[in-house]
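Let's take a friendly walk through this model, looking at how some of its helices pack and where empty space is left between them.

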Amino acid sequence: MNITVAEFTRSIDLAGVLVNAVLGGIVAREFRMDPVGFVALAILSGLGGGLIRDTLLQHGPPVALTDTLYVIVAIAGAVVAFLIPLGGRMWSLTYPVVDALALGTWAVVGTEKTLSVGLTWLPAILLGTISAVGGGALRDLAVNRTPAIFGGNTLYATCAVAASVTVVVFSRCGLASAGTLLGVVVGAGWCLLARWRGWQLRQSPEWEYRATRRKIRRPKNSGP
């Protein structure tokens, strides 16, 4: 069972790296970058979250540097985006599913890795979420725009938090294997449901007092 879960997790993990690397390449195309820019944004987008997590954990080299297939897949995503203008119905149907599965998987892997080095539940949730959303944030910052996870899109980081919390709870109950699968399902399912329903977090309330737009209405005097 553990081997099956590990293989499933790694396969979805690499699929997520590919898809998000392609997204990095699409952003590079928007900014009319050269091949170096495509590769740089693809690596940031596909591997950034894991690199941040492993660097903060300081528990061995980042997995992207010890497993060469991760970098190869990220570069392959850059090549695909450079050579093929992506779009159309097939891309619009495939991307959300793979992206949602990658989100759930990255959150689960980040949470489990943090727990495995002896850290508590709060760092585990934090680094699980960073693993899932860090690459996209780095990609957006590299092109000088506000990361999409900060607002204006459907629930994404919130879904990663939910996946991480699921893993922590099941791990505390001694059901780590079940938590792995359920964490992916919770993160991916919630992400897809949020896309379908258009769920977003509310923006900050508007506290500005607009005195010029408010008029005090006084009753008219009917007599002297």
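## Where α6 meets α7

In this predicted model, the axes of α6 and helix α7 (residues 157-172) come within 8 Å, crossing at roughly 140°. Angles over 145 degrees would count as roughly antiparallel and 65 to 115 as roughly perpendicular, so α6 and α7 are oblique to each other. Their crossing is right-handed.

If you would like to trace the contact yourself, start on the α6 side with W121, A124, I125, G128, T129, A132 and V133. Their counterparts in α7 are A157, A160, V161, S164, V165, V168 and R172. Sorted by class, the residues of this contact are 10 nonpolar, 3 polar and 1 charged.

## Two partners for α2

Two packed helices are described by the angle between their axes and the distance between the axes. With that in mind, α2 is a good helix to follow next.

How do α2 and helix α4 (residues 68-83) cross? Their axes come within 8 Å and cross at roughly 130°, which makes α2 oblique to α4. The crossing of α2 and α4 is right-handed. From α2, the contact takes in P35, F38, V39, A42, I43 and L47, and these meet Y70, V71, A74, I75, A78, A81 and F82 in α4. The class count here is 13 nonpolar residues, with no polar and no charged ones.

The packing of α2 with α5 has an angle of about 10°, and the axes are 11 Å apart. Angles under 35 degrees count as roughly parallel, and α2 and α5 are therefore roughly parallel to each other. On the α2 side, G46, R53, D54 and L57 make the contact; on the α5 side, W106, V109, G110, K113 and T114 do so. By class, the contact of α2 with α5 is split into 3 nonpolar, 3 polar and 3 charged residues.

## The largest pocket

Now for the spaces. Rolling a probe the size of a water molecule over the atoms shows where empty space is left. The largest pocket has a volume of about 410 Å³. It is lined by 24 residues, and L23, Y95, R139, A148 and Y156 are the closest to its centre.

Which elements give two or more residues to the lining of the largest pocket? They are α1 (2-30), α5 (88-116), α6 (121-142) and α8 (176-197). Helix α6, which we met above in its contact with α7, gives the most to this lining, with 6 residues. By class, the lining holds 14 nonpolar, 4 polar and 6 charged residues.

## The second largest pocket

The second largest pocket has a volume of about 290 Å³. Its lining is made of 24 residues, and D13, R53, V63, Y70 and V109 lie nearest its centre. Some of these names are familiar: R53 of α2 and V109 of α5 take part in the contact of those helices, while Y70 of α4 is in the contact with α2.

At least two lining residues each come from α1, α2 (35-57), α3 (63-66), α5 and α6. Which element gives the most to the lining of the second largest pocket? That is α2, with 9 residues. The class count for this lining is 10 nonpolar, 8 polar and 6 charged residues.

Terms used. Residues are numbered from 1 along each chain as its sequence is written. This is a predicted model: local features need pLDDT of at least 70, side-chain atom pairs count only at pLDDT 80 or more; totals for chains, interfaces and linings use all residues. Side-chain values use heavy atoms; hydrogens and water are left out. On a 1 Å grid over the protein atoms alone, a cavity is a set of points where a 1.4 Å probe fits but cannot get out, and a pocket is an open set with protein on both sides within 12 Å along at least five of seven lines; lining residues have an atom within 4 Å of a point. Grid points are joined across faces, edges and corners, and a volume is the space filled by probe spheres set on the points. Helices (H or I, at least four residues) and strands (E, at least two) are DSSP runs, numbered from the N terminus. Ala, Val, Leu, Ile, Met, Phe, Trp, Tyr, Cys and Pro count as nonpolar, Asp, Glu, Lys and Arg as charged, and the others, Gly among them, as polar. Axes are lines fitted to C-alpha atoms, for helices over the stretch in contact, and angles run from 0 to 180 degrees between N-to-C directions. A crossing is left-handed if the near helix is turned anticlockwise from the far one by less than a right angle, and right-handed if clockwise. Contact means heavy atoms within 4.5 Å.
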